[in-house]
Amino acid sequence: MDIEEVLELADHLIFTKTGKHLDHLQQAILRGTIQNCTYSEIAEDHYASESHVKWVGSELWKMISEELGETVKKSNFRAIFEKGRIYKNKISSAIVGETVTVHHINICSESERAKAQQQNKSNLNDPQTTLNQPHIDLNDAPKITKFYDRTQELFTLEKWMIEDGVQLITLLGLSGIGKTTLSLHLIDEIKSNFDYIIYRSLSFAPTLDETLTNLLEIFCKQDKIEIPLKLETKFSQLFNYLRQYRCLIILDDIQMLFCDGQLAGHYQSGYENYQLFYKKIAEVCHQSCVILNSWEKPREIEKIEFENLPVRTLILGSLGLAAQDIFRDKNLSNPETWDILINTYQGNPLWLRMIATLIQELFNSRVTEFLYYDEPILCDSLQDQLKLQFQRLSPQEKMLITVLSNSPEIFNLQSLSTQTKLSNSDLLNTIQSLIRRFLVAREEKDNMTFFIVNPLLKEYVKRL
């Protein structure tokens, strides 16, 4: 059996049904099936979970079966295609025009198939038949006027979602680093792969019941059915849609579900059931993806990641050289000094825009004049941002940040223990929480670990 010829034939069948060609994983499943590979082996070779590969395979056999009018499974796929039986699929029978024949199976040419698809779109409401026009709901999304280069991050996210079948992605980073902008820009890159794309902000801390209701309104309106009343039933119904359709759901500002004044990742009372929601997103077999944007990592995500489930975390850092575009937009002078600004303000696009505005207004856009001042300058807007971060900290975190900020020396665990009088357990938990908030970083020196506070937060705390 010629693998490429079979793949071409299968691709024609899938294109006839969905208007889309075989994706990377579908091709891998077909190749593996022809080569007598197990789902486990296919999953291992393509860095995907076995459950996800089984799900994609199941949907693939189902679509091929519907087109051929005969039950096709992994166990009989080789036999059916080796025999070269004659089939007349339901779409080609409705089209008058050019056809091509591969192994005696009549398949429409792509031009004819495209015409038929265009004719059928006006009569079909099922998103499965309009995959090139997904239902996109960005009602909560802010307007993105400028996107600064995040090529590598976009490539990573797209690979995780499209090739690796990742079901839950956590996108982390400081406020202003660009999580929301990256998520929304990603939509343009991958929208043809999804039936539904939904963005929701949790900045007003909705309960899980409210969030599920909000999401189900989109699907239930399409199906003209009522939203169930019980939380458990809403939960179940949403997962039915995640299995039935290929959905991308972006939940922004996850940190607003957490408590102020406690270590990172502690949920407010009444919001703990979000933990189960995220866990089920990762565990349950479906074909969708949920992205969580947050200033701090939900604690349950670490536990899920250890279970070898289709879960990934991406931490956004400095924009690097791409941040120079911010200064070009602001018409700043002295480009030879821009790297100093980027390093001082950690490549954070929001912070850099604030400082660029200050340089425009007070220094007539001259960066060298601004850099005459040695210490980091914190404009009012930037101080407000740092204040938000500081106010969320627990008493132990504030004490530790103050110690780290008001001393010229750097501290290891032993010296911090002496300075703070915290128990070893409390000290370790507090440092871990600050690292999870991206406010403290580790530094290795002379085979010892030292802890460094975020330089801008350090400057803010020194002024308190």
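Helices (H or I, at least four residues) and strands (E, at least two) are taken as DSSP runs and numbered from the N terminus. The model is predicted: local features require pLDDT of at least 70, side-chain atom pairs count only at pLDDT 80 or more, and totals for chains, interfaces and linings use all residues. Residues are numbered from 1 along each chain as its sequence is written, and side-chain values use heavy atoms, with hydrogens and water left out.

The protein chain has 21 helices and 11 strands. Of its 464 residues, 51% count as buried. Buried means under 20% relative accessible area, exposed means over 50%, and partly exposed lies in between (1.4 Å probe, protein chains only). The accessible surface of the protein chain comes to about 22,200 Å². Carbon and sulfur atoms hold 48% of that surface. Areas come from the Shrake-Rupley method with a 1.4 Å probe; for residues, only the protein chains shown count as cover. Contact means heavy atoms within 4.5 Å. Among contacts in the protein chain with a separation of 6 or more, 69% join residues 24 or more positions apart.

The largest nonpolar core has 45 residues. Such a core is a set of buried Ala, Val, Leu, Ile, Met, Phe, Trp, Tyr and Cys residues joined through side-chain atoms within 4.5 Å. Phe327, Leu341, Tyr345, Leu382, Ile401 and Leu416 have the most contacts inside the largest core. Helix α15 gives the most to this core, with eight residues. Another core lies apart from it. That second core has 36 residues, among them Leu168, Leu202, Leu242 and Ile304. Back in the largest core, Ile401 has contacts beyond its neighbours within four places in sequence. Its partners are Phe390, Leu393, Leu434, Leu439, Val440, Val453, Leu457 and Val461.

The structure holds 17 aromatic pairs. Rings of Phe, Tyr and Trp (its six-membered ring) pair if their centres lie within 6.5 Å; planes under 30 degrees apart count as stacked, over 60 as edge-to-face and the rest as tilted. In one pair, the ring centres of Phe235 and Phe277 are 6.0 Å apart and the planes stand at 80°, so the pair is edge-to-face. Phe235 lies in helix α10 (residues 231–244) and Phe277 in helix α11 (residues 273–283), so the pair ties together parts that are 42 residues apart in sequence. Phe235 is buried at 15% relative accessible area. Phe277 is buried too, at 2%. Both belong to one aromatic cluster with Phe239, Tyr271, Tyr274 and Tyr278. Elsewhere, Lys74 lies over the face of Tyr39, at 5.3 Å from the ring centre. A charge sits over a ring if NZ of Lys or CZ of Arg is within 6 Å of the ring centre and within 35 degrees of the ring normal.

Gln360 is in helix α15 (residues 349–363). It is partly exposed, with a relative accessible area of 30%. Outside its neighbours within four places in sequence, Gln360 is in contact with Lys330, Leu332 and Ser365. The Gln360 side chain reaches the backbone oxygen of Lys330 at 2.8 Å. A polar contact is a pair of N or O atoms within 3.5 Å; within protein, one must be able to donate a hydrogen and the other to accept it, and residues adjacent in sequence count only if both atoms are side-chain atoms. The C-alpha atoms of Gln360 and Phe327 are separated by 10.0 Å. These two residues are 33 apart along the chain.

Ser365 lies in the loop between α15 and α16 (367–370). Ser365 is buried, at 12% relative accessibility. Its phi is positive, near 75°, in a residue other than glycine. Most residues other than glycine have a negative phi. Asp446 also has a positive phi, of about 55°, although it is not a glycine. Asp446 lies in the loop between β10 (440–445) and β11 (448–453), and counts as exposed at 69% relative accessibility. Lys421, which follows α19, has a positive phi near 65°. At the start of α19 (residues 413–420), a side-chain oxygen of Asn412 reaches to within 3.2 Å of the backbone nitrogen of Gln414.

Gln385 is in helix α17 (residues 380–391) and is buried at 17% relative accessibility. Not counting residues up to four places away in sequence, Gln385 touches Ser175, Leu350, Trp351 and Met354.
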